[in-house]
Amino acid sequence: MSKKYYIKTFGCQMNVYDSSRIADMLQNLGYEEAASPRQADLVIFNTCHNRKKAAEKVFSDLGRLYNIKQERLAEEGRDMIIGLAGCVVQAEDEQIAKRAPYVDFATGPLTYYRIPQLLEEIGRKKGVSLIDTDFPAIDKFDYLPDNQSHGGCSYLAIQEGCNNFCTYCVVPYTRGAEFSRPVEAVLAEAKRLVAGGTLEINLLGQNVNSYHGEDSAGKERNLAYLLRRLSEIDGLKRLRYTTSYPADVDDDLISCHRDLSKLMPYLHLPVQSGSDRILKAMNRRHNRDDYIRVIDKLKEANPAIGLSSDFIVGFPGESDADFQATLDLVNYVKYIQAFSFKYSRRPGTPAAVYENQIEEKVKKERLEILQNLLFSYQLRFNTESIGKTMPVLFDMKGRHKGQLIGRTPYMQNLHAELGKEYLNKIVPVKITGANTNSLSGIAEGI
Ligand code: SAH
Ligand code: SF4
Ligand code: F3S
């Protein structure tokens, strides 16, 4: 019987991508995917250190996993290897041995290509935790096996790390300095994905629009160039990129939103706050007006574009007026989707030791007000979709038999009664129902 693996992914799309590459490596070693941790001989948690809650959840989930491991051993005599990957490992390597000594191996987001080697070592030295978090001065992507396509929508990391050092954020510490993959490596990976059935590629990087990878002649190329090259790939139907940094959106990139039909009319462009004072304290390289200018230009290039953002409420020193400035900005942009968080103090980041921290109660109140406003725009946009026909890429089975879940060009989730032969296909769907988080519709021409 072949060995089975289970990967649980926390955090951002970058981690989802890394998990898919870890799955590729394990499949090359003969592992098959398990339906649950209980059935797996190897369980890997790919972790996030972004906010305190996410990081703490890893340790509580690990405790539960350890119980499952012991039950499995007692009931079936089958052992389980427990591995940790991702940003918690990079940030808390010393804590892991203390808080979860039963972890067999731990490897950071830049070193996971060494998992096959770690598994081999575990086989040799039983009961020793291997913690592997050196920041290697090499391109991890060179050490990964060729990627495989895992469905109709795929992520493709084109950049790693971040140099922005927003004062609240752990990413520059967990993922290191910004690095762009070469153009040809990205194109080759994209072509493999498309050959394997991918119709939509979402290019990933923490600051993806500062991409500056080298082409085959050694010339640095920007994201706009890469998007144009990718849109020439036959069989690729949709392109997206995330996450963009407002100060690095240039006119060349904006023109892609006018010229490239494969580029979806949706952009996640996090602003974090609408107050100049707070943006400065966050060390963001844009102010409110810069951001609005970019939004206006994008809407001019493609009037149908829908925007989304991340927000942090209760950043140290945020006054009622600062918070109101954020609400005003939301009313100006009318985001069609958004993520909002209470500021979380992350050890080692500059803002964690700012003196004017905001009370939890105030953060909670502000989050509720902001989310209600954001949800109202999201619901309005979704409701306005009713009656329209949109191309939907179905990439998941629904909860009920005969139901599929897909994505509209605007990243709205859509449920439809549709047979599984339409999985990983783009189908025109007439929208018939909407709520805040999803749409329903009827496939047309079938
Ligand atoms: N590179 C991306 C996002 C990285 S983290 C960008 O620059 O937009 C994803 C989101 O988590 C951030 O946009 C931010 O809104 C949120 N976040 C990051 N650190 C946080 C913290 N300490 N507290 C609360 N939210 C945080
Ligand atoms: Fe973090 Fe800022 Fe970099 Fe985004 S741009 S990853 S928020 S430091
Ligand atoms: Fe979390 Fe690391 Fe992504 S901290 S948000 S998983 S880069």
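User: Before we look at anything, what does "buried" mean for a residue here?

Analyst: A residue is buried when its relative accessible area is under 20%, exposed when that value is over 50%, and partly exposed in between. Keep in mind that this model is predicted. By that rule, phenylalanine 311 and tyrosine 335 are both buried.

User: Which other residues could I practise that on?

Analyst: Try two aromatic ones. Phenylalanine 315 has a relative accessible area of 0%, so it is buried. Tyrosine 354 comes out at 27%, so it is partly exposed. Threonine 383 is another one to try: it is found in helix H13, and with 39% relative accessibility it counts as partly exposed.

User: How many aromatic pairs does the structure hold, and how do I read one?

Analyst: There are 10 aromatic pairs in the structure. To read one, look at the distance between ring centres and the angle between ring planes; an angle over 60 degrees counts as edge-to-face. For phenylalanine 311 and tyrosine 335 the centres are 5.5 Å apart and the planes stand at 85°, so this pair is edge-to-face. The two rings come from distant parts of the chain: phenylalanine 311 sits in strand E13, while tyrosine 335 is in the loop between helix H12 (320-333) and E14, 24 residues apart.

User: What is the geometry of the pair formed by phenylalanine 315 and tyrosine 354?

Analyst: That pair is edge-to-face too, with 6.1 Å from centre to centre and 85° between the planes. Phenylalanine 315 belongs to the loop between E13 and H12, and tyrosine 354 to the loop between E14 and helix H13 (360-384), so the pair ties together parts 39 residues apart in sequence. Ring pairs also join Tyr168, Phe315, Tyr343 and Tyr354 into a cluster.

User: Let's zoom out. Into which domains is the protein divided?

Analyst: There are domain 1 (4-132), domain 2 (146-264), domain 3 (265-384) and domain 4 (389-443). For a sense of scale, the centres of domain 1 and domain 4, taken over C-alpha atoms, are 33 Å apart.

User: Now the ligands. Which residues come nearest to ligand 1?

Analyst: A good way in is to list the surrounding residues, then look for polar atoms that face each other. Around ligand 1 there are 15 residues, and Asn50, Gln206, Gln272, Asp310 and Ser344 come nearest. A polar side-chain atom of aspartate 310 is 2.6 Å from an oxygen atom of ligand 1. In the side chain of glutamine 272, an N or O atom lies 2.7 Å from an oxygen atom of the ligand. Tyrosine 168 takes part through its backbone, where an N or O atom lies 3.0 Å from a nitrogen atom of ligand 1.

User: How much of ligand 1 does the protein bury?

Analyst: On its own, ligand 1 exposes 530 Å², and the protein buries 91% of that. Strand E13 (306-313) and strand E14 (337-342) are the elements that give two or more residues to its shell. Domain 2 (146-264) and domain 3 (265-384) each supply at least three residues. By class, the shell has 5 nonpolar, 5 polar and 5 charged residues.

User: What is the make-up of the shells around ligand 2 and ligand 3?

Analyst: The shell of ligand 2 has 8 nonpolar, 2 polar and 1 charged residues; among them are Cys162, Cys166, Cys169 and Arg284. The shell of ligand 3 divides into 5 nonpolar, 5 polar and 1 charged, and includes Cys12, Cys48, Cys87 and Arg175. That shell draws at least three residues from each of domain 1 (4-132) and domain 2 (146-264).

User: Last topic: what should I look for in the backbone?

Analyst: Most residues other than glycine have a negative phi, and most peptide bonds are trans. Here, the bond from threonine 242 to threonine 243 is cis, with omega near 5°. Threonine 243 lies in the loop between strand E11 (238-242) and helix H9 (251-259).

User: Where do asparagine 283 and asparagine 424 lie?

Analyst: Asparagine 283 is in the loop between helix H10 (276-281) and helix H11 (288-301), and its phi is positive, about 65°. Asparagine 424 is in the loop between strand E17 (413-417) and strand E18 (425-434), with a positive phi near 65°. Asparagine 283 is partly exposed at 35% relative accessible area, and asparagine 424 is partly exposed at 29%.

Key
Residues are numbered from 1 along each chain as its sequence is written. Chains are lettered from A and ligands numbered from 1 in the order in which they are written. This is a predicted model: local features need pLDDT of at least 70, side-chain atom pairs count only at pLDDT 80 or more; totals for chains, interfaces and linings use all residues. Side-chain values use heavy atoms; hydrogens and water are left out. A residue is near a molecule or strand if one of its heavy atoms lies within 4 Å of it. A polar contact is a pair of N or O atoms within 3.5 Å; within protein, one must be able to donate a hydrogen and the other to accept it, and residues adjacent in sequence count only if both atoms are side-chain atoms. Accessible areas come from the Shrake-Rupley method with a 1.4 Å probe; for residues, only the protein chains shown count as cover. Helices (H or I, at least four residues) and strands (E, at least two) are DSSP runs, numbered from the N terminus. Ala, Val, Leu, Ile, Met, Phe, Trp, Tyr, Cys and Pro count as nonpolar, Asp, Glu, Lys and Arg as charged, and the others, Gly among them, as polar. Domain bounds come from an automatic or database domain assignment. Rings of Phe, Tyr and Trp (its six-membered ring) pair if their centres lie within 6.5 Å; planes under 30 degrees apart count as stacked, over 60 as edge-to-face and the rest as tilted. Buried means under 20% relative accessible area, exposed over 50%, partly exposed in between (1.4 Å probe, protein chains only).
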